[in-house]
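Visitor: I am in my first year and still learning to read models of this kind. Could you take me slowly through a single part, one step at a time?

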Amino acid sequence: IDGIDDDAGDGDPLAQTFIIKDRDNASGMFITKMDLYFQTKDPDLGMTVQIRTVENGYPARKILPYGQVHLKSSEVNLSDDGTAATTVSFPSPVFVGGGLEYCFVLMPDANNPNYNAYVRKTGEADLTTGTNLNVDGFEGIMFLSSNNRAWKPYEDEDIKFTIYRANFNSRQGTVDYQNNDFEFFTLGSINGTFAQGERV
């Protein structure tokens with residue numbers, strides 16, 4: 001796969017859509033990390049992983065809050081059979097709404113072509129088990145782009161990945177809110193030579 005630096009605005013990223021089907025909490029969930037699987041990488045350059053929104057079934061440009069992580073090359077694990085996971089831990093849990101479609105996007109630094117991610121192709125044998133994959137594993141589509149704007153779908157292929165969600169325990173607590181050093185007041189009458197809106 002080819003990718004881009006985040007500020008470049010173009011390049012050849014790889015994306016995978018997925019749908020949130022959270023039966024326990026219809027409002028959504030928080031993604032804490034994900035595992036990706038690579039066969040090759042660049043020896044020096046890293047990769048950016050983003051979680052984005054999806055528009056009309058295609059990857060969009062909007063990155064979710066806390067949904068971007070840069071991996072150094074040394075943080076990317078490799079294997080010949082797709083079993084070595086590369087864990088992407090987000091700086092804070094990323095909220096995704098229930099019933100909505102999102103995608104993750106892989107963008108190698110400097111648009112280098114040295115990263116190869118494992119994918120599954122319907123109709124071909126699983127690399128580790130040898131079992132034929134005759135049915136899609138989930139609702140989602142893999143996309144390729146040559147400019148990070150127009151995307152070409154590959155409906156019979158999916159990137160290998162695992163997403164982890166937060167499981168919060170219900171507890172009680174207290175929060176102490178404090179105002180800043182100044183406040184704003186509305187006055188019923190003004191005595192003096194103050195201008196309206198002047199900070200006092």
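**Around strand E8**

Guide: In this predicted model, strand E8, residues 119–121, supplies three residues to the lining of the second largest pocket, which is the largest share. The pocket itself holds about 340 Å³ of space, and 16 residues line it, the closest to its centre being Val-119, Arg-120, Asp-126, Leu-127 and Leu-133. As background, rolling a probe the size of a water molecule over the atoms shows where empty space is left.

Let us now follow the charged side chains, beginning with Lys-121. The structure holds three salt bridges, and Lys-121, Asp-156 and Glu-157 are linked in a network of such bridges. In one of them, the side chains of Lys-121 and Asp-156 meet at 2.7 Å, N to O; because Asp-156 sits in the loop between strand E10 (151–154) and E11 while Lys-121 belongs to strand E8, this pair ties together parts that are 35 residues apart in sequence. The side chains of Lys-121 and Glu-157 also meet in a salt bridge, at 3.8 Å, N to O, and since Glu-157 lies in strand E11 and Lys-121 in strand E8, the parts tied together here are 36 residues apart in sequence.

What about their exposure? Lys-121 is partly exposed, with a relative accessible area of 26%, and Asp-156 likewise counts as partly exposed, at 31% relative accessibility. Glu-157, at 17%, counts as buried, because buried means under 20% relative accessible area.

Strand E11, residues 157–159, also contains Asp-158, and here the account changes. Asp-158 is buried yet has no salt bridge, and the nearest side chain of opposite charge, that of Arg-120, is 4.7 Å away. A salt bridge requires a side-chain nitrogen of Lys or Arg within 4 Å of a carboxyl oxygen of Asp or Glu, which is the cut-off to keep in mind for this pair. The side chain of Asp-158 is, however, joined to that of Gln-16 by a polar contact of 3.1 Å.

To complete the set of salt bridges, we must leave strand E8 for the loop that follows. There the side chains of Glu-139 and Lys-21 meet at 2.6 Å, N to O, linking distant parts of the chain, with Glu-139 in the loop between E8 and strand E9 (142–145), Lys-21 in the loop between strand E1 (14–19) and E2, and their positions 118 residues apart. Glu-139 is partly exposed, with a relative accessible area of 46%, whereas Lys-21 counts as exposed at 55%.

Terms used. Residues numbered from 1 in each chain as written. Predicted model: local features only at pLDDT ≥ 70, side-chain atom pairs only at ≥ 80, totals over all residues. Heavy atoms only, no water. Helix = DSSP H or I, 4+ residues; strand = E, 2+ residues; numbered from the N terminus. Buried < 20%, exposed > 50% of the residue type's maximum accessible area, 1.4 Å probe, protein only. Lys, Arg positive; Asp, Glu negative; His and termini not counted. Polar contact = N/O pair within 3.5 Å; in protein donor to acceptor, adjacent residues only side chain to side chain. 1 Å grid on protein atoms, 1.4 Å probe; cavity = no way out; pocket = protein on both sides within 12 Å on 5 of 7 lines; lining within 4 Å. Points joined across faces, edges and corners; volume = space filled by probe spheres on them.
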